[in-house]
Amino acid sequence: MTPAQIADIAARAYQHMTPWRADQIADTLARPISLLSHTEAAFVLGQVIVDEAEILALAADPDQQRNGQASRALARFHSDAQTRGATRVFLEVASRNTPAIAFYTRHGYQQTGLRKAYYPRASAPADDALIMSRALP
Ligand SMILES: CC(C)(COP(=O)(O)OP(=O)(O)OC[C@H]1O[C@@H](n2cnc3c(N)ncnc32)[C@H](O)[C@@H]1OP(=O)(O)O)[C@@H](O)C(=O)NCCC(=O)NCCS
């Protein structure tokens with residue numbers, strides 16, 4: 001999956017955060033700590049630093065949501081991160097993003113922190129970020 005394809009999915013899928021642009025994705029992928037795991041219609045972009053993995057962006061094509069694409073991409077990310085030595089995964093998600101919170105909860109993530117007013121919004125108060133994490137088996 002190319003940076004342009006990832007950016008296209010993100011632009012159509014993201015509703016609660018500013019989607020990543022293709023140039024930002026390409027810059028991130030150039031870093032050796034970065035990790036991209038994907039299916040044909042969903043991606044997880046993250047990084048692994050020593051034993052901690054972090055999910056930076058994740059989305060499924062809106063035309064193909066609720067059919068397991070994101071779950072398969074996340075399972076691949078977990079496996080790939082574990083291969084690189086990760087024992088735990090962290091992420092931040094907007095508190096209003098109930099689909100993503102439900103998705104992560106279904107996959108074993110629990111809230112471990114809160115960042116107040118973390119995501120700025122144009123004409124509304126900034127949204128809080130939940131910090132969620134799970135151990136890798
Ligand atoms: C979060 C996201 C990737 C899930 O994609 P998906 O294709 O629905 O994921 P899957 O089909 O693999 O898993 C679906 C499961 O996730 C949860 N889920 C997904 N959307 C949901 C919704 N709108 N309401 C409640 N639960 C939801 C449910 O547990 C669901 O299982 P079910 O269909 O059996 O009820 C997708 O909603 C998305 O791309 N959102 C926009 C990008 C985003 O916000 N990313 C998170 C950034 S931190």
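The shell around the ligand in this predicted model is made up of 12 nonpolar, seven polar and two charged residues. In total, 21 residues surround the ligand, and the closest are Ala60, Ala70, Ser71, Pro99 and Ala102. Four elements each give two or more residues to this shell, namely strand 3 (52-60), helix 3 (69-83), strand 4 (88-94) and helix 4 (98-106). Among these, helix 4 provides the largest share, with five residues.

It is helpful to place these elements within the chain as a whole. The secondary structure consists of four helices and six strands, and their order along the sequence reads α-α-β-β-β-α-β-α-β-β. Two helices thus open the pattern, and two strands close it. The stretch of the pattern that runs β-α-β-α corresponds to the elements that give two or more residues to the ligand shell, from strand 3 through helix 3 and strand 4 to helix 4.

Turning to overall dimensions, the radius of gyration of the chain is 14 Å, which agrees with the value near 14 Å that a compact globule of 137 residues would have. Along the principal axes, the C-alpha atoms fill a box of roughly 40 × 30 × 30 Å. Burial and contacts complete the picture. Of the 137 residues, 31% count as buried. Among contacts with a separation of 6 or more, 55% join residues that lie 24 or more positions apart in the chain.

Note on methods. Residues are numbered from 1 along each chain as its sequence is written. This is a predicted model: local features need pLDDT of at least 70, side-chain atom pairs count only at pLDDT 80 or more; totals for chains, interfaces and linings use all residues. The radius of gyration is taken over C-alpha atoms; the globule rule is 2.2 Å times the number of residues to the power 0.38. A residue is buried if 20 or more other C-beta atoms lie within 10 Å of its own, exposed if 12 or fewer, and partly exposed in between; C-beta atoms are placed from the backbone. Two residues are in contact if their C-beta atoms, placed from the backbone, lie within 7 Å. A residue is near a molecule or strand if its C-beta atom, placed from the backbone, lies within 6 Å of it. Ala, Val, Leu, Ile, Met, Phe, Trp, Tyr, Cys and Pro count as nonpolar, Asp, Glu, Lys and Arg as charged, and the others, Gly among them, as polar.
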